[in-house]
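The following exercises concern the geometry of a protein model. Please work through each task before reading its solution.

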Amino acid sequence: MVILSTLLWTPAAGALLLVLIPAHQTQAVRLTANLFAGVALMLACMLLAHYDAADPALQLTEFYPLNPKLGSAYALGIDGLSLPMLILAALLTSISLIASFNLADGVKGYHICILLLEFGMLGVFMAQDWALFYIFWEVTLIPLFFLIDRWGGKRRHAASLNFVLYTMGGSVFMLLSLLAISQYDLQNQGSLMASMGQAAQNMPAVEQVLVLLGFLIGFGVKMPIFPLHGWLPLAHVEAPSAVSILLSGILLKMGAYGLLRSVVMLPVAAQLIQPLLMFLALFGMVYGGLLAWRQPDMKAMVAYSSLSHMGVVLLGIATLNQTGFIGAILHMTAHGLIAGALFLLVGLLYERTHTRNIQDYSSLVQVMPRFAGLTTLALLAAMGLPGSIGFVAELHMLIGGFQQWGGWMAFFSLSLLISAAYAMRTIGLLFTGPVKPQMRDIADLTPSELAASAVLVGCIVVFGLLPAPLIELSAASVGRMLAVIGERLL
């Protein structure tokens, strides 16, 4: 079965077909891009029918040797960690294309870049070979650079350059860590990823720590974690809103995904630097929340809230226990849906008013009731309100962290209070008070915009009320990862 390859190469085929369509035929370009993104989403959802959640092993694997001496191969596979990310990536790509319907400049190039970005993102989550993983990781940089630099805001050139320099700098550390592991004897385990996992166990503890720190920097830039977040606010604010959906909803999760794989590969080092990981997580949660609280720009507020939420994911990874790992995976999905919904809604509002300053708004509930309802639900989910997927994820994180560190979770609770503060502040400023004269004639969400927003918000609520299927999807894989960690710590 080659369903993974079919899914992987569908957006690439769509981008290739777009190259052949004349640039002035914008309707054909939009239709083709949405068609291929929709097919990719359908294929990603089909994976659920073929995936056995009770089986912890890699599934639907494909393996074609590329360099037998090194052990490198075109190796694809999915487990309970990668499957939710694949579906989320395909869903948010379709949503971002719907949100780009009003784009008028450079339509062909824009849609080609979006499909190439989806190709890279899907490859990262499917790759079961570190060489292949690194290639797909770098592939995502190229289209994202052009999407920000060509279609971004006033400071788009600085934002795109900042993003690429930060990410490429982090990639250097990741590559050095991979090369350091490859210096040890790599046994042919079927793929380079499995071989490196075994070779890492032969390294002295000090070298393991240095290698994991390299991975922490490489993946931490993308997550991002404090203090590697310098590219985040400018890139989010200047990127087109549809691109911000992918940047926050999926690109950040690539860093968390890679770090989680690295921790499983190097558990001795992870245990040694566990206090550092906990500190970075807790500090990032509070720091990001405070910065989000004071932002007048709504996109900057959502961007800094992402820093806080990814700190929560890092905390779950740092626990090295089952509840924390499940919480981290849940929160990766939760934040993808919540941040995607918020960036979508903020972008739709900006298209109507051409301002993101929260002080310019009031009582939008009277003129945009559909927008107000969906935005309020997304903001309540961001603060972890019971009944939302954000609450389920943060509850797992709190329990897992308390099992590991006890009273230190008071700082986790402080970050939740700060999240509640900026969420309620935003709701109050947007939807209460008298209607300002310049805001009386704003159109509410169109049917297509309402459908796209409702899908994301609906998933937030449905998985918040019925989280069991999402938890069961990852539970067996988490059990396998912890078993590997346990064996390697002996």
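The exercises below treat aromatic rings, helix packing and backbone geometry in turn.

The model is predicted: local features need pLDDT of at least 70, side-chain atom pairs count only at pLDDT 80 or more, and totals for chains, interfaces and linings use all residues. Residues are numbered from 1 along each chain as its sequence is written, and side-chain values use heavy atoms, with hydrogens and water left out.

**Exercise 1. Aromatic rings**

Task: Classify the ring pair of W9 and F119, and state how far apart in sequence the parts are that the pair ties together.

Solution. Step 1: A pair of aromatic rings is described by the distance of the centres and the angle of the planes. Rings of Phe, Tyr and Trp (its six-membered ring) pair if their centres lie within 6.5 Å; planes under 30 degrees apart count as stacked, over 60 as edge-to-face and the rest as tilted. A search of the whole structure finds 19 such pairs.

Step 2: The centres of the W9 and F119 rings are 4.9 Å apart and the planes stand at 45°, so this pair is tilted.

Step 3: Helices are DSSP runs (H or I, at least four residues), numbered from the N terminus. W9 belongs to helix α1 (residues 3-20) and F119 to helix α4 (residues 107-126), so the pair ties together parts 110 residues apart in sequence.

Step 4: Buried means under 20% relative accessible area, exposed over 50%, and partly exposed in between (1.4 Å probe, protein chains only). W9, at 44%, is partly exposed, whereas F119, at 10%, is buried.

**Exercise 2. A cluster and a charge**

Task: Identify which aromatic cluster contains W137 and which residue lies over the face of W137.

Solution. Step 1: W137 forms one aromatic cluster with W130, F133, F215 and F219.

Step 2: A charge sits over a ring if NZ of Lys or CZ of Arg is within 6 Å of the ring centre and within 35 degrees of the ring normal. K222 lies over the face of W137, at 5.0 Å from the ring centre. Likewise, the charged end of R30 is placed over the ring of F101, 5.3 Å from its centre.

**Exercise 3. Two helix pairs**

Task: Determine whether α6 and α7 run roughly parallel or roughly antiparallel, and repeat the analysis for α11 and α14.

Solution. Step 1: Axes are lines fitted to C-alpha atoms, for helices over the stretch in contact, and angles run from 0 to 180 degrees between N-to-C directions. The axes of α6 (residues 141-151) and α7 (residues 156-182) come within 7 Å and cross at roughly 160°. Angles over 145 degrees count as roughly antiparallel and those under 35 as roughly parallel, which makes α6 roughly antiparallel to α7.

Step 2: Contact means heavy atoms within 4.5 Å. Among the residues making it are L141 and L144 of α6, and F163 and V164 of α7.

Step 3: For α11 (residues 241-265) and α14 (residues 298-319), the axes come within 11 Å and cross at roughly 15°. These two helices are therefore roughly parallel. Residues that meet include L252 and L259 in α11, and M310 and L314 in α14.

**Exercise 4. Backbone geometry**

Task: State which peptide bond ending at P224 is cis, and what sign of phi L320 has.

Solution. Step 1: Most residues other than glycine have a negative phi, and most peptide bonds are trans.

Step 2: The bond from M223 to P224 is cis, with omega near -10°, and the bond from F226 to P227 is cis, with omega near 5°. P224 lies in the loop between α9 (205-222) and α10 (232-238).

Step 3: L320, although not a glycine, has a positive phi of about 55°. L320 is buried at 17% relative accessibility.

Technical notes. Angles under 35 degrees count as roughly parallel, over 145 as roughly antiparallel, 65 to 115 as roughly perpendicular and the rest as oblique.
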